[in-house]
Amino acid sequence: MWALDTHHRRAVRAGAAVAALLIAACSADPSAPPPPSLAYAGLPVSGSLADAKRAGFDNCLEIDGYHVRCRRSGVMLLGEGPYEAALDLTGAGGASGFRQITLWDDRDQSAVLKVGEALKKQGWAFSYTGEGGRGDQMILTHKSAPVHFSIDLSYWGKRRVRLLPE
């Protein structure tokens, strides 16, 4: 077994992030209209650029001609946080909207796991991706909720919580 030094781990993470953006770029229709507006626990989960800005996600950076990332700091979720949060929009100038919200903590990789514990206490069902019931993500669902949660468990990248429409 070999170990990566910090420089190589960062390079691997950066490569994985670029690959994820390329996959998303290939699968998203840049001319599609934005999805319907959906909010959960006071946070936007899907919608338009206008929805993002109304929710305080006004620190936006155009990554390329078809991807815009809008960020907000100090976001609370289910009494946990504060977290950093981002909405990734597609289409020219973000015109095709966003379809999930991503939250993370820059200083504490374990902080996002508190969201999973809060949801479990509220009766949310959970399962793990990967082999043997353990894996890379914890998926949390509730039959009456219009969203599901995906929480990264792996140490290989920055742990995130994502809220996605059902």
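Reader: What makes you say that V161 touches L77, I101 and F149?

Author: Contact here means heavy atoms within 4.5 Å. By that rule, and leaving out residues up to four places away in sequence, V161 touches L77, I101, T102, L103, V112, V115, F149, S150 and I151. Bear in mind that this is a predicted model, where local features need pLDDT of at least 70, side-chain atom pairs count only at pLDDT 80 or more, and totals for chains, interfaces and linings use all residues. Residues are numbered from 1 along each chain as its sequence is written, and side-chain values use heavy atoms, with hydrogens and water left out.

Reader: Why is the set with V161 called a nonpolar core?

Author: Because a nonpolar core is a set of buried Ala, Val, Leu, Ile, Met, Phe, Trp, Tyr and Cys residues joined through side-chain atoms within 4.5 Å. The largest one has 29 residues, and V161 is among those that touch the most other members, along with L77, I101, L103, V115, F149 and L163. Helix 3 (113-121) and strand 10 (161-165) are among the elements supplying at least two residues each; helices (H or I, at least four residues) and strands (E, at least two) are DSSP runs, numbered from the N terminus.

Reader: How do you know that the buried residues of helix 3 line one face?

Author: They are V115, G116, A118 and L119. Down the helix axis they fall within an arc of 160 degrees, so they sit on one face; the arc is that of the directions from the axis to the C-beta atoms.

Reader: Why is P34 called partly exposed?

Author: Its relative accessible area is 34%. Buried means under 20%, exposed over 50%, and partly exposed in between (1.4 Å probe, protein chains only), so P34 counts as partly exposed.
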